[in-house]
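Colleague: Could you take me through one part of this model up close? I'd like to know how the pieces there fit together.

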Amino acid sequence: MTQKTGALTTFPTHHSITEGPGVKGVWVDGAPHLVTGALATWAAAADIHPARIPGYWIDRDPDLAGGAPPRPGDKLLYRLHGGAYIQLSAHPRDPTANIARGVLRYSSSITRTFAVEYRLSKSEPYEPANSFPAALLDALAGYAYLVEVVGFKPCDIIVQGDSAGGNLALAFIRYLVEHQQLSPGTAPSIALPAVPSGLILLSPWTDLGTSHEGPLSSFSTHFSTDYSSPYRSASRISYAKRAFIGPFGFGLAERSAYLSPASLNPCVRARFTGFPRTFLCAGGAEPLLDSIRSLRWKMERDMGAGRGAGEIEFYEAPDALHDYIIFPWHEPEVGQTLQRIGEWLDGDEKS
């Protein structure tokens, strides 16, 4: 219905900073100096350019100005929100901001959070706009802002993405890793910031192709009991994919490690060597469960399992829905997961 009538709800977008009580909004300039290689080729093919976008701070100190330089001991959570690349927002009033508040409540080490209002994708019947790689360019811009403008060190930044934001977080980390692991004796064409110290993936959308959509897959068996089923229906998911992939077509989703890192298609050779330590979680009743388990297997293959540097820790909440951590009513799973994340962030070795 919304594809015919327009959205039933509104939320902030990249066009302006939406003010409000306690809202700490800032403008983030595009980062064309960080765009190279295949990313530059994709951007040119899709006629996508770096853009000035908003970003929003949520932190422990209500009197601290948004964008204030880091203080001694500050650790930052850099958030990339979910919404199938076509909806939701980085704004503090968005449901995904519950993740920031939950992490601040359960982790003693994270003191500040920042989310970038990346451009949302559109396709027919709307005017097509902001297809891949627009969101990736914006994620890079947000990181450049944190490191080059605000002054955070990459070792003090943890990247977090939920649902489509998890897909974006994986692509963002992959881009940083691939352009810092060059052949011996090869000089990098640009100076990219270092890889952040950690990655949190919450119900990530890890396969935009079809390799996990068989009749006995979680995509099928969990379809009717998950709230996201209207958005995962054939028409809706087709719209989200079509809007995000844009001029590249669905073939890119079937073969690209940037779009489908968990894909079972042998053409997708996604490796995770060089990725930072990662916390990965899934809901045991969500349609994306199989693809998230595939991602876990691939990451453990290349990184190892555990809480150490460069390793992956996996947590599956039985019977939890897709991206359940954004819903305060989804207890006890939300509290249990946030506690595990807090322990992982703070280096607590308790089980």
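Which residues form one aromatic cluster with Trp42?

Modeller: Tyr85, Tyr118, Phe132, Trp205, Phe244, Phe248 and Tyr258 join Trp42 in that cluster. Bear in mind that this is a predicted model, where local features need pLDDT of at least 70 and side-chain atom pairs pLDDT 80 or more, while totals for chains, interfaces and linings use all residues. Numbering runs from 1 along each chain as its sequence is written, and side-chain values use heavy atoms, leaving out hydrogens and water.

Trp42 belongs to helix 2, residues 37–46 (helices are DSSP runs of H or I, at least four residues, numbered from the N terminus). Along with Leu39, Ala43 and Ala46, Trp42 is buried there (under 20% relative accessible area; exposed is over 50%, with a 1.4 Å probe and protein chains only). Looking down the axis, those buried residues fall within an arc of 100°, so they line one face of helix 2 (the arc uses directions from the helix axis to the C-beta atoms). Over on the other side, Thr41, Ala44 and Ala45 are exposed. Just past the end of helix 2, Asp47 has a positive phi of about 55°.

What does the buried face pack against? Helix 4 and helix 5, with contact meaning heavy atoms within 4.5 Å. As for ring pairs, the whole structure has 19 (Phe, Tyr or six-membered Trp ring centres within 6.5 Å; planes over 60 degrees apart count as edge-to-face). One edge-to-face pair is Tyr143 with Phe172, at 5.1 Å between centres and 80° between planes. Tyr143 sits in helix 4 and Phe172 in helix 5, 29 residues apart, and both are buried.

Technical notes:
Phe/Tyr/Trp six-rings, centres within 6.5 Å; stacked < 30°, edge-to-face > 60°. Helix = DSSP H or I, 4+ residues; strand = E, 2+ residues; numbered from the N terminus.
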